[in-house]
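Hi,

Here is the structure I promised to send over. Please open it alongside this note; my findings follow below.

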Amino acid sequence: MRTVHCAHPGERPLPGVGSPSGSRVSAALHITCDSEGFALARAFTRGTLHDWSLDHCADEVLLVMSELATNAAEHAVPQAVDRDPDVRLGLDLAPAHLLLTVSDHADNPPVHPPADDFALAESGRGLSIVDALSEDWGWTARPPAGKTVWAKLSTRLLT
């Protein structure tokens, strides 16, 4: 087991899903955190999945990407003082996995509240949805400022 030392409690490194042989496929997009930006994010994600013949993963991937982008817009972008309040989305494809990333300019880590805290709440379930749909998820700092929240999803067909 490899030990990774991170600067913040709960921080985890981005998992390596791209092949070192150069067969890595990736796509990225900067969006503004408004209705137009979120619509563009959904179209970008759906179009990229279609181009990669991953339409069978679209529902789960779109939901996870939407939750991560919404969290960035609600919790990170308001803290982006003196910076553009944009968010960078990324998709990185490996043979059996898809890595989704959402990067923002805020240093605050994502907060995953305990299940009891949101049983009747109208919001706050986003990271629980990410946790339920992904094989793994976490976050890593982006020096000099900011972070990337990531989720790793399987691309295998379920039969």
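I'll start with one residue pair. A28 has G90 in strand 2 as its bridge partner. That pair belongs to a longer contact: strand 1 and strand 2 (residues 86-93) run antiparallel and are joined by eight bridges. Please keep in mind that this is a predicted model.

Now the whole fold. The protein has five strands and three helices. Along the sequence they come in the pattern β-α-α-β-β-α-β-β.

The sheet is open and has five strands. Its order is 1-2-3-5-4, and the pairing is antiparallel. Which strands stand at the edges? They are strand 1 (25-32) and strand 4 (136-141). Each has a single partner strand, so one side of each is left without a neighbour in the sheet. On average, neighbouring strands are turned by 15 degrees against each other, with direction ignored.

Next, the packing of helix 1. This helix covers residues 35-51 and lies across strand 1, strand 2 and strand 3 (97-104). Its direction is at about 170 degrees to strand 1.

Last, the overall numbers. The protein has 159 residues, and 41% of them are buried. Its exposed surface is about 9,200 Å². Carbon and sulfur atoms supply 53% of that area. Take the contacts with a separation of 6 or more: residues 24 or more positions apart account for 66% of them.

Best wishes

Methods. Residues are numbered from 1 along each chain as its sequence is written. This is a predicted model: local features need pLDDT of at least 70, side-chain atom pairs count only at pLDDT 80 or more; totals for chains, interfaces and linings use all residues. Side-chain values use heavy atoms; hydrogens and water are left out. Two strands pair if DSSP finds at least two bridges between them. Helices (H or I, at least four residues) and strands (E, at least two) are DSSP runs, numbered from the N terminus. Axes are lines fitted to C-alpha atoms, for helices over the stretch in contact, and angles run from 0 to 180 degrees between N-to-C directions. Contact means heavy atoms within 4.5 Å. Buried means under 20% relative accessible area, exposed over 50%, partly exposed in between (1.4 Å probe, protein chains only). Accessible areas come from the Shrake-Rupley method with a 1.4 Å probe; for residues, only the protein chains shown count as cover.
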